Amino acid sequence: MSPNGGTFTQAQRAEHEMLKELVWLSPIGALTLAAAGAVLLAIVLPHRRQALVAWWVGAMHLAAAGLAAYVWLDRGFRLTMSGTIAVDGLSLVFTALVGVVGAVCVALLRPAVAGTDREGELYAMLAFASLAAVVLGAAADAALLALALAALGLATFVMTGYRRASPTAGEASIKYYIFGTVSGAAMVYGLSWWFGLGGSTSFAVIGRALPHAPAVAVIASTTLVLVGLGYKAALVPFHFWTPDAYDGAPLPVAAYLSVVPKLAGLIALARVMMLALPHNTVGWPTAIAVIAAATMTLGNLAAVAQRNVVRLLAYSSIAQSGYLLMGVAALGHSHLGLAALVYYALAYAATNLAAFAVVQAVQRERGSADLDAFRGLGRSHPWWTAALVLSFLSLLGLPPLSGFFGKLEVFKAAIGAGQAWLAVIAILNTVVSLYPYLRVIAPAILDPPDPASLPARRSAPLSLALVVATTATVGFGLLAEPLVNLADHARMLTGG
Amino acid sequence: MISLPVVLAVAALLFGVGVYGVLGQTNTIMIIMGVELMLGAAMLNVVGFLRYSHPHATSGDFFVLVLMTLMALEGAVGFALVVSVFRSRRTSEADDLTELSG
């Protein structure tokens, strides 16, 4: 036997282990295939056949969601690829969510961009964004976090600037790009300090060193890391890009931006804080709670003044980030935090997609998303109005819709974590948010129909997406108890 | 003799110059260059820590390679966006982008 025999079999065993791990990575593999295949199809297919790219990307997104469910049920949780990718309850739920949301957004995109000259590439960028978001939600390593954050950013900057002829699209994508790369670079500089303090890029190893490191260095570097992830999740004070990007982007892209990158940022934030700063090092839960309070308050107050419903939804999504962040703030003190975050993420995704789908339907027919475009919608389009009312009341948090139970769970988590003051601020915020939401709903129901009303422009994929999102908005509310129990099993792997 | 504090100080200075470029410059190209300096500072930090504090932390090598890739990609996409906007608006000044507000 050769002297190298022992190491050879060791290497073989390591290779065998990595091959076995591919099963756990199959949802990520499906999204990789979705993106690569979409690029090829967009090049090969003739212009009038580009709808096939949409079918491909949509189907692969659903496949990724299915594979995530399979991995959870059949294989369980595991730290893969030398501990850099955490395949656990949190990342698998998020993968399934991105899969379904991505497919719904493709259905919304098709009627909006059909026949434009770069249609296929847009679906490909969406697949790349989903891939990066899923990796971001599973990253247990600083290098992978930086890579996923940048990849998600680059894909979404390009998607935002899709309508090249429009003067607002270029401006929106440049603003989004500048905020994104600057905050990303700040985060990377913070991560380089974490590497220096911890001696590894693995968050689990960093987490063993940071509680004993000089507090000044830890606070400064943690603040920089918060900048990058806070920007992704549109937290105050890194939220300025949000209304401009949503306004300049095609509406289905705005719907995607309001759900996938935001939730990816929040989930990465939860994971990074729990792994790298265990035992509430430097009091991060309090800092996060203060940011949550500022985010929801500013989002709701700014939404009051908006006359354009897209910008109103942008500020509303900032406010929702604040409520979601309550779940992260509670993580350090209470086991309720993670379950609340996961359930609220599901409810928020369904509700916000339904709201954006209605706005898209209205804008498609009336050419505008101003408040006036919604007047008298109830008489001419009862079904759209029903979806509008359900989704906006869910955003407001009215029972028995999913938004209510989401808020209930995060409030419970905040009180359980000893942050009752945050729950009080959140309740006051909910009262303030009555005005912007009702300002859209009330004229839609009460006002007489617009005499210059145009005939309805129907689109099968748009209607399907609207039905799916609205059903989920109501269904997640009716199934709140089993879903919260499920979310309670969506644990985070903290070893490594 | 160069030691770790010197490397960290140079990196911090580089980061400061980058932040000044981002906040003080109005041209989008100059802002992108500021971002590149910030990323360069992070890379210098990691290399310094690798050389002086954690010579066996191989994940640090990988981290630097990832950051180098990021720098190139962010630059490429940024310049593409600037060119695309310049074609329709004839300006690369960030302060002229005021169509969206409120």
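Helices here are DSSP runs of at least four residues, numbered from the N terminus. With that in hand, chain B is easy to read: along its sequence it follows the pattern α-α-α, with three helices and zero strands. Keep in mind throughout that this is a predicted model.

Let's stay with chain B for a moment. Its C-alpha atoms fill a box of roughly 50 × 25 × 25 Å along the principal axes. A compact globule of 102 residues would come out near 13 Å in radius of gyration, but chain B has 17 Å. Buried residues account for 45% of the 102 residues in this chain. For a feel of how its helices run, pick out B:A80, which sits in helix α3 of chain B, residues 58–89. B:A80 and B:L70 are 10 residues apart in sequence, and their C-alpha atoms are 15 Å apart in space. With a relative accessible area of 46%, B:A80 is partly exposed, because that class covers values between 20% and 50%. Over in chain B's tyrosines, B:R51 lies over the face of B:Y52, 5.1 Å from the ring centre.

Now for chain A, which has 21 helices and two strands. Its radius of gyration is 22 Å, close to the 23 Å that the globule rule gives for 496 residues, so chain A is as compact as a globular protein of that length. The box that holds its C-alpha atoms is roughly 90 × 60 × 40 Å along the principal axes. Of the 496 residues, 63% count as buried.

A:A124 shows how parts of chain A that are far apart in sequence can meet. This alanine is found in helix α5, residues 119–138. A:V39 is 85 residues away along the chain, yet the two C-alpha atoms are separated by 5.7 Å. A:A124 has 4% relative accessibility and therefore counts as buried, the limit being under 20%.

Aromatic side chains are worth a look next. There are 14 aromatic pairs over all chains. Take A:F157 and A:Y176: their ring centres are 5.1 Å apart and their planes stand at 80 degrees, so the pair is edge-to-face. This pair links distant parts of the chain, with A:F157 in helix α6 (residues 142–160) and A:Y176 in helix α7, 19 residues apart. Both A:F157 and A:Y176 are buried. A:Y246 and A:F356 make another edge-to-face pair, at 6.2 Å centre to centre and 75 degrees between the planes. A:Y246 lies in helix α10 (residues 241–248) and A:F356 in helix α14 (residues 336–366), so this pair ties together parts that are 110 residues apart in sequence. At 1% relative accessibility, A:Y246 counts as buried, and A:F356, also at 1%, counts as buried too. These four residues belong to one aromatic cluster, along with A:Y177, A:Y231 and A:W241.

What about the empty space? There are five cavities of 30 Å³ or more. The largest cavity has a volume of about 100 Å³ and is lined by 16 residues, with A:L149, A:A150, A:G180, A:G184 and B:E74 nearest its centre. Both chains contribute: α6, α7 and α9 of chain A and α3 of chain B each supply at least two lining residues. The largest share, six residues, comes from α7(A). By class, this lining has 10 nonpolar, four polar and two charged residues.

The second largest cavity holds about 70 Å³ of space. Its lining includes A:W24, A:I28, A:V87 and A:V134, and the elements giving two or more residues are α2 (26–44), β2 (85–87), α4 (89–113) and α5 of chain A. That lining has 10 nonpolar, two polar and no charged residues. A:W24 turns up in another contact as well, with A:R75 lying over its face at 5.9 Å from the ring centre.

Finally, turn to the second largest pocket, with a volume of about 570 Å³. It is lined by 24 residues, and A:I178, A:F179, A:V182, B:V22 and B:L23 lie nearest its centre. At least two lining residues come from each of α7 (167–198) and α9 (215–232) of chain A and α1 (4–24) and α2 (28–52) of chain B. Here α7(A) gives the most, with seven residues. The lining divides into 19 nonpolar, three polar and two charged residues.

Conventions. Residues are numbered from 1 along each chain as its sequence is written. Chains are lettered from A and ligands numbered from 1 in the order in which they are written. Side-chain values use heavy atoms; hydrogens and water are left out. On a 1 Å grid over the protein atoms alone, a cavity is a set of points where a 1.4 Å probe fits but cannot get out, and a pocket is an open set with protein on both sides within 12 Å along at least five of seven lines; lining residues have an atom within 4 Å of a point. Grid points are joined across faces, edges and corners, and a volume is the space filled by probe spheres set on the points. Ala, Val, Leu, Ile, Met, Phe, Trp, Tyr, Cys and Pro count as nonpolar, Asp, Glu, Lys and Arg as charged, and the others, Gly among them, as polar. Buried means under 20% relative accessible area, exposed over 50%, partly exposed in between (1.4 Å probe, protein chains only). Rings of Phe, Tyr and Trp (its six-membered ring) pair if their centres lie within 6.5 Å; planes under 30 degrees apart count as stacked, over 60 as edge-to-face and the rest as tilted. A charge sits over a ring if NZ of Lys or CZ of Arg is within 6 Å of the ring centre and within 35 degrees of the ring normal. The radius of gyration is taken over C-alpha atoms; the globule rule is 2.2 Å times the number of residues to the power 0.38.
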